[in-house]
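Colleague: Could you take me closely through a single helix of this chain, starting at its N-terminal end and working outwards to whatever packs around it? I would like one connected account.

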Amino acid sequence: YEILTCDWSSDVCSSDLKPQTHYVVMLRWSSDDVPVFVSADKHIATGFAKTMTREKAEKFKPFVECSCVEDVIRVWVYKFKNGHLESSQFVMEIEEQ
């Protein structure tokens, strides 16, 4: 098989691909982060994060590795671009009821 110059036009370069950005809502107990929601839209992820309640958050407690008892659960939105953490935004704290 011979590669002709015209064949190269059909190749896809990584520079041709759109960057993939995802926003992940994380709940933080002590030092453990648990992802609970993912969206490609920052406003949707932040909106979801703002509706988090203690009752909703406690449903994710089985996924926390620490055996800590936390009075405060912190809600964050992490921005990942092409699989790498680019930034994080603190949303709120959920106090013990």
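Modeller: The N-terminal end of helix H1 is capped by Asp-41, which places a side-chain oxygen 2.8 Å from the backbone nitrogen of His-43; this, like everything that follows, is read from a predicted model. H1 itself covers residues 42-50, in a chain whose secondary structure amounts to two helices and four strands, arranged along the sequence as β-β-α-α-β-β.

Within H1, the residues Ala-45, Thr-46 and Ala-49 are buried. Viewed down the helix axis, the buried residues of H1 are confined to an arc of 95°, and they therefore line one face of the helix. His-43 and Lys-50, by contrast, are exposed on the other side of H1, so that the residue whose backbone nitrogen takes part in the cap also belongs to that exposed side. The cover over the buried residues of H1 includes all four of the strands E1, E2, E3 and E4.

Ile-44, also found in H1, deserves separate mention. Its relative accessible area is 48%, and because the partly exposed class runs from 20% to 50%, Ile-44 counts as partly exposed rather than exposed. Leaving aside residues up to four places away in sequence, Ile-44 touches Phe-37 and Ser-39. Its C-alpha atom is separated by 8.9 Å from that of Tyr-23, a residue 21 positions away along the chain.

From the helix one comes to the largest nonpolar core, which has 16 residues, and in which Val-25, Leu-27, Trp-29, Met-52, Ala-57, Val-75 and Val-77 touch the most other members. At least two residues of this core are supplied by each of H1, E1 (21-29), E2 (32-39), E3 (72-81) and E4 (84-95), with E1 giving the largest share, namely four residues. Met-52 offers a useful view of how these parts meet, for, again not counting residues up to four places away in sequence, Met-52 touches Leu-27, Val-36, Ala-57, Val-75, Met-92 and Ile-94.

The strands that help to cover the helix are themselves paired. E1 and E3 run antiparallel and are joined over eight bridges, with Met-26 standing opposite Trp-76 of E3. E3 is also antiparallel to E4, to which ten bridges join it; here the partner of Trp-76 is Phe-90, and Arg-74 stands opposite Glu-93. Trp-76 thus has a listed partner on either side, Met-26 in the pairing of E1 with E3 and Phe-90 in the pairing of E3 with E4. E3 and E4 form a hairpin with two residues between them, and in the turn Asn-82 has a positive phi of about 50°.

For the setting as a whole, 29% of the 97 residues of the chain count as buried, and among contacts between residues at least 6 apart in sequence, 52% join residues at least 24 apart. The chain exposes about 7000 Å², of which carbon and sulfur atoms supply 54%. To return to the helix, then, H1 is capped by Asp-41, turns one face of buried residues towards cover that includes the four strands, and has His-43 and Lys-50 exposed on its other side.

Definitions and conventions: Residues numbered from 1 in each chain as written. Predicted model: local features only at pLDDT ≥ 70, side-chain atom pairs only at ≥ 80, totals over all residues. Heavy atoms only, no water. Core = buried A, V, L, I, M, F, W, Y, C linked by side-chain atoms within 4.5 Å. Buried < 20%, exposed > 50% of the residue type's maximum accessible area, 1.4 Å probe, protein only. Contact = heavy atoms within 4.5 Å. Pairing = 2+ DSSP bridges. Arc of directions from axis to C-beta. Polar contact = N/O pair within 3.5 Å; in protein donor to acceptor, adjacent residues only side chain to side chain. Areas by Shrake-Rupley, 256 points an atom, 1.4 Å probe, with all protein chains shown as cover.
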